[in-house]
Amino acid sequence: MSSCRLIVLSAVVLLLCTAAITEGMRYSSVRTSCCYTFAQKPLKSTNVQSYSLSSPQCINQAVMFKTMKGKQVCARPTEQWVKKLMKLLDNKKSGSQGSV
């Protein structure tokens, strides 16, 4: 009778371990980029190659610009220069011409 309990207990422990490992893998595979500091001055359009938005899970919503040197610069999406730079980059991506 005790060996039956041991088998059931082992199966439950194995099931719980498997569930914990797969949940942990699911959350670690989703990389969340958040911004905590923001650019104080506008970036030059010639120094920026692309942008992305911060994760909705972040406390601060931000636009993350990738510079030509590969650095990431965070900016507030409500600022006018950020909106203009995003529009310019969108136009470049679609093949249209625009100015900042």
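**Figure 1. Two aromatic pairs in a predicted model.** This model is predicted, and it holds two aromatic pairs. One of them brings together F65 and W81, whose rings are stacked, with 6.1 Å from centre to centre and 25° between the planes. The pair links distant parts of the chain: F65 belongs to strand β2 (residues 63–67) and W81 to helix α2 (residues 80–94), 16 residues apart. Are these two residues buried or exposed? Both F65 and W81 are buried. If you add Y51 to the view, you have the whole aromatic cluster, which consists of Y51, F65 and W81.

**Figure 2. The surroundings of W81.** Staying with W81, this close-up turns to its neighbours. Leaving aside residues up to four places away in sequence, W81 touches A39, K41, P42, L43, F65 and A75. F65 is thus both a contact of W81 and its stacked partner. A39, F65 and A75 are also listed with W81 in the largest nonpolar core, which is the topic of the next view.

**Figure 3. The largest nonpolar core.** Which residues make up the largest nonpolar core? There are 11 in all: A39, V48, V63, F65, A75, W81, V82, L85, M86, L88 and L89. Two elements, β2 and α2, give two or more residues each to this core. Helix α2 supplies the largest share, with six residues. Another core lies apart from this one; it has five residues, including C35, A62, M64 and C74. Two of those names, C35 and C74, return below as disulfide partners.

**Figure 4. The disulfide of C34 and C58.** A search of the whole structure finds two disulfides, and this view shows the one between C34 and C58, with the sulfur atoms 1.9 Å apart. The link is left-handed, at -85° about the S-S bond. C34 lies in the loop between α1 (2–29) and β1, while C58 lies in the loop between β1 and β2, so the disulfide ties together parts that are 24 residues apart in sequence. The two ends fall into separate exposure classes. C34 has a relative accessible area of 24%, so it counts as partly exposed. For C58 the value is 6%, which means that this cysteine is buried.

**Figure 5. The disulfide of C35 and C74.** Here a disulfide joins C35 to C74, with 2.0 Å from S to S. This link is left-handed too, with -70° about the S-S bond. Why does the pair tie together parts that are 39 residues apart in sequence? It does so because C35 lies in the loop between α1 and β1, whereas C74 lies in strand β3 (residues 72–75). Both C35 and C74 are buried. When the bonded cysteines of the protein chain are numbered in sequence order, the pairing reads 1-3, 2-4. A further cysteine, C4, is partly exposed, because its relative accessibility is 49%.

**Figure 6. Q61 and its contacts.** Where is Q61 placed? Look for Q61 in the loop between β1 (48–53) and β2. The relative accessible area of Q61 is 41%, so this residue is partly exposed. Not counting residues up to four places away in sequence, Q61 touches F38, S54, S55, P56 and P77. A polar atom of the Q61 side chain lies 3.2 Å from the backbone oxygen of C58, the cysteine that forms a disulfide with C34. Q61 and C35 are 26 residues apart in sequence, with 7.6 Å between their C-alpha atoms.

**Figure 7. A charge over the ring of F38.** F38, one of the residues that Q61 touches, has a charged companion as well. The charged end of R76 sits over the F38 ring, 4.0 Å from the ring centre.

**Figure 8. The whole chain, for orientation.** To place the close-ups, it helps to step back to the full fold. The protein chain has two helices and three strands, and from the N terminus on its elements run α-β-β-β-α. How many residues does the protein chain have, and what percentage of them count as buried? Of its 100 residues, 20% count as buried. Among contacts between residues at least 6 apart in sequence, 36% join residues at least 24 apart.

Notes:
Residues are numbered from 1 along each chain as its sequence is written. This is a predicted model: local features need pLDDT of at least 70, side-chain atom pairs count only at pLDDT 80 or more; totals for chains, interfaces and linings use all residues. Side-chain values use heavy atoms; hydrogens and water are left out. Rings of Phe, Tyr and Trp (its six-membered ring) pair if their centres lie within 6.5 Å; planes under 30 degrees apart count as stacked, over 60 as edge-to-face and the rest as tilted. Helices (H or I, at least four residues) and strands (E, at least two) are DSSP runs, numbered from the N terminus. Buried means under 20% relative accessible area, exposed over 50%, partly exposed in between (1.4 Å probe, protein chains only). A charge sits over a ring if NZ of Lys or CZ of Arg is within 6 Å of the ring centre and within 35 degrees of the ring normal. Contact means heavy atoms within 4.5 Å. A polar contact is a pair of N or O atoms within 3.5 Å; within protein, one must be able to donate a hydrogen and the other to accept it, and residues adjacent in sequence count only if both atoms are side-chain atoms. A disulfide is a pair of cysteine sulfur atoms within 2.5 Å. A nonpolar core is a set of buried Ala, Val, Leu, Ile, Met, Phe, Trp, Tyr and Cys residues joined through side-chain atoms within 4.5 Å.
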